[in-house]
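This report looks at a few local features of one protein model, taking a side-chain contact, a helix pair and the cysteines in turn.

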Amino acid sequence: MRIAVTGVAVALPGASGPEALLLPARPGAEPVDPAAVIGKKGLRFKDRATRLGLHLAHAALTDAGLLAAGGPAAAGDRLATVVSSNLGNTDTVCRAVETIAKESTGGLSPMDTPNASSNIIASETAIRFGLRGPNLTVCNGRGSGLDAVRWAALMLRSGRADHVLVTGVEPDNEVTRRLVDGPVADGGAAVVLSRDTGRARALLGPVFRTADPAGTTARLALLAPGGDLWLRADGGPAPASARRLGLTGWGELSGALGVVQCAAATGWFAEGHDGPAYAVAGAAGAVLLHPERTP
C-alpha cells in the first residue's frame with residue numbers, strides 16, 4: 001500500500017510554506033500569529049503550543065482537502081491525529097507545580113488545569129476539527145517527529161484510518177529556553193498522510209528507528225542508495241553530491257524536527273527535484289520519495 005503526503009503546513013517565524021524551509025531562517029522575523037489564520041475564537045486560555053498546533057492542523061487539513069466549512073470533509077472516525085512535542089505544555093506544568101507548592105491545589109485555575117494534560121495539543125486538535133480516529137502524542141527526544149510519522153504510517157497500513165494528521169510543534173518561552181539552554185523554534189510543521197489518493201505531494205518510504213544515528217545512516221544508504229537531499233542537524237555524514245539541510249536556523253526544533261524535515265522534503269519536490277530525500281533525527285530515519293517514484 002502506498003502512503004502519500006497529501007497536505008502540508010509550516011508555521012515558523014518568517015516561514016509559512018515548505019519551500020521557505022529550503023532558505024535560511026530570517027533573524028528577527030515576526031512570531032507566528034495563529035489567530036490570523038484560525039481566528040481568536042477558542043484560543044483563549046490555550047497555551048502557546050496548543051495555539052500553534054491548531055494553526056498547523058487547520059492549514060494542513062485545508063491543504064489536503066479534508067476541511068470543509070462545516071467540519072471535516074471525510075468521515076471523522078477515519079481521520080486520526082498524532083502530535084510530536086517534547087516541550088509543549090511544560091510552561092503550564094511548571095506554573096501549576098509552583099502554584100501547588102505555594103497555595104496548594106486550591107490555587108489552580110479551572111481554566112488552566114486542562115492544559116497540563118500531556119495530550120492537550122492532540123486532544124484539542126481532535127475536538128476542534130472533528131478527528132474521531134486514533135489520537136496519540138509522542139514525546140521521545142529528537143527522533144520524536146519521525147517516530148510520529150512512523151506511528152501514523154502504521155495506523156494507515158493496519159486500516160485504523162484513511163488519513164492521519166501528523167503535527168510537530170514546540171513553543172518558545174522562558175521555561176522551554178531554560179530546558180534546552182537556548183532559543184526554541186516557536187512553531188513547527190504538520191503533514192497529512194493518506195492511503196494514496198492520487199494527489200500525492202510526496203510518497204513515504206520506510207520509516208524506522210535503530211540503536212544509534214550511525215545505524216540509521218547505514219540503513220538509509222542500503223534502502224535507497226544516493227539521495228538528492230539529506231535532512232539532518234546532527235553533523236553526521238551525507239554524500240558530497242547531495243544537498244544537506246540542517247534546519248537549525250529557527251532554534252531548537254526538538255520534537256518538531258522530524259515533521260519539519262518531511263515538510264521541507266515536499267518543498268524540495270515542489271521545486272522540481274526528483275528525490276529521494278532522507279531524513280535523520282536522532283536514531284530515527286525516513287525516506288521520502290517524489291510521487292512519480294514508488295517505495
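## A threonine pair

In this predicted model, the side chains of Thr-216 and Thr-210 make a polar contact with each other at 2.8 Å. Thr-216 is part of helix 7, which covers residues 213-223, and Thr-216 counts as buried because its relative accessibility is 0%.

Leaving aside residues up to four places away in sequence, Thr-216 touches Phe-208 and Thr-210, together with Val-280, Gly-282, Ala-283, Ala-284 and Gly-285.

## Helix 5 against helix 8

Two packed helices are described by the angle between their axes and by the distance between those axes. For helix 5 (residues 144-157) and helix 8 (residues 257-270), the angle is about 70° and the axes lie 5 Å apart, which means that helix 5 is roughly perpendicular to helix 8.

On the helix 5 side, the contact is made by Gly-145, Leu-146 and Val-149, which meet Gly-258, Val-259, Gln-261 and Cys-262 of helix 8. The residues of this contact comprise four nonpolar and three polar ones, with no charged residue.

## The cysteines

Cys-262, one of the helix 8 residues that meet helix 5, is buried, with a relative accessibility of 2%. Cys-139, by contrast, is exposed, at a relative accessible area of 53%.

Why does the sulfur of Cys-262 not form a bond with the closest cysteine sulfur? That closest sulfur belongs to Cys-139 and is 18 Å away, so the two are too far apart for a bond, given that a disulfide requires sulfur atoms within 2.5 Å. By this rule, the count of disulfides is zero.

How values were computed:
Residues numbered from 1 in each chain as written. Predicted model: local features only at pLDDT ≥ 70, side-chain atom pairs only at ≥ 80, totals over all residues. Heavy atoms only, no water. Axes fitted to C-alpha atoms, helices over the stretch in contact; angles between N-to-C directions. Helix = DSSP H or I, 4+ residues; strand = E, 2+ residues; numbered from the N terminus. Parallel < 35°, antiparallel > 145°, perpendicular 65-115°, else oblique. Contact = heavy atoms within 4.5 Å. Nonpolar A, V, L, I, M, F, W, Y, C, P; charged D, E, K, R; others polar. Buried < 20%, exposed > 50% of the residue type's maximum accessible area, 1.4 Å probe, protein only. Polar contact = N/O pair within 3.5 Å; in protein donor to acceptor, adjacent residues only side chain to side chain.
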